[in-house]
Amino acid sequence: MANSDQIEWDEMYLSDEDYAAVQNYKAAWQSAYDSGDTAGQESAHSAAEAIRAKYSYSGGADGSEYNPFGSSYSYGGNTYGTGSSTGSAYSYSDSSPSYTSSYQDQISSIADSLQNREAFSYDYNDDPLYQQYKESYTREGNRASQDTLGQVAARTGGIASSYAASAATQANNYYMSQLADQIPELYQLAYSMYQQEGSDQRANLETLLALDQADYQKYQSQLGQYNTDRSLDYSAYTDDRNFDYGVYSDRQSQDYAEARDTVQDNQWKIAQENTLTQQEYAKEQEKAQALASVGNFSGYAALWGLTEEETNAFVTAYAKAQQLTEQEAAWALAEKYAAYGDFSKISEQGVSTAYLTAVQNAQLGKL
């Protein structure tokens, strides 16, 4: 991710709506990164790149760069920044650790049992222990009743009486009363067993939760180490990539500087050539004006590319304006040439220039 010193290219180039969408994809990428979800990272990055593509640039491998389409750079045999990057995306060879609870089924079963446990109720008729007591006390009550009848019969000579029956019933009722006295104790015992069963289930649940938490903490430790190792690997990847890009950028800057210098040199040469051309043209124009002032338009003919007919038309017009004959115009031109030391036009008029040439040579010899 980009740090605070880096330019926020997305904010600079994207619309507010698209910028907000890219920020959401960045958050999704970070969430996927924290959970070790490589596919989620790739999906979020691709979605953000699709938005940047509408603005003709790529954010690079981590979204912090500005690589406009049409410009590219290469490193490690891969090309980046063309809008359809052929550079290999970052990948980490080790697989992310995963966690599956070994105790979840047991935890769910016990928790469900506790949540749906019926309230305590007691019916002594359904209590097996009570049935054992009932059998024992009933048996003893019957024995006591029979013993009482036998004792009374022995004293009365075997004659049945209401007293004997009453005494036998009382003996039996004693044991039945003893049986009834056991019911509160049996109720308390059943309730204690109900309570203990709940306590045992909660203890088992706590043990399973502790074991599950220990396994999860082990997974968290493995995931933390995985993320640390992957971060170090990714840092090495980006360092290499940024170094190669820096080399590329330096070369691009150097190439640009050299190209700029070449252009500037060429521009200077062209300016110099133009300056010389202008100076030469001015000189020729001055000469043409001087010649034209005496009716010689050969200078303008050369500068303007005049035909012989056009040049003669200038000469005739000049002669008329000066009211000179052609011979007079020719002598005026010869005098103009002579003023510059050129006696050729005088020679053309059939006059010997030997004396003028000798005087000129004599003057040059004194220099």
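Tyrosine 281 lies in helix H6. The model described here is a predicted one. This briefing follows three residues of helix H6, namely tyrosine 281, glutamine 182 and methionine 176. Helix H6 covers residues 162–292.

**Tyrosine 281 and a surface patch**

- The relative accessible area of tyrosine 281 is 39%, so this residue is classed as partly exposed.
- Tyr281 joins Trp304 and Phe314 in forming a nonpolar patch on the surface.
- The area of this patch is about 320 Å².

**Glutamine 182**

- Glutamine 182 is another residue located in helix H6.
- Its relative accessibility is 13%, and glutamine 182 is therefore counted as buried, because the limit for a buried residue is under 20%.
- When residues up to four places away in sequence are left aside, glutamine 182 is in contact with Tyr133 and Tyr137.

**Methionine 176**

- Methionine 176 also has its place in helix H6.
- With a relative accessible area of 28%, methionine 176 is partly exposed, because this class lies between the buried limit of under 20% and the exposed limit of over 50%.
- Apart from residues up to four places away in sequence, methionine 176 touches Tyr137 and Thr138.
- Methionine 176 and tyrosine 137 are 39 residues apart along the chain, and their C-alpha atoms are separated by 6.4 Å.

**A shared contact**

- Tyr137 appears among the contacts of glutamine 182 and also among those of methionine 176.
- Glutamine 182 is buried, whereas methionine 176 is partly exposed.

Terms used
Residues are numbered from 1 along each chain as its sequence is written. This is a predicted model: local features need pLDDT of at least 70, side-chain atom pairs count only at pLDDT 80 or more; totals for chains, interfaces and linings use all residues. Side-chain values use heavy atoms; hydrogens and water are left out. Helices (H or I, at least four residues) and strands (E, at least two) are DSSP runs, numbered from the N terminus. Buried means under 20% relative accessible area, exposed over 50%, partly exposed in between (1.4 Å probe, protein chains only). Contact means heavy atoms within 4.5 Å. Patches are made of residues with over 30% relative accessible area and no salt bridge: like charges are joined within 9 Å, nonpolar side chains (Val, Leu, Ile, Met, Phe, Trp, Tyr) within 5 Å. Accessible areas come from the Shrake-Rupley method with a 1.4 Å probe; for residues, only the protein chains shown count as cover. A salt bridge is a side-chain nitrogen of Lys or Arg within 4 Å of a carboxyl oxygen of Asp or Glu.
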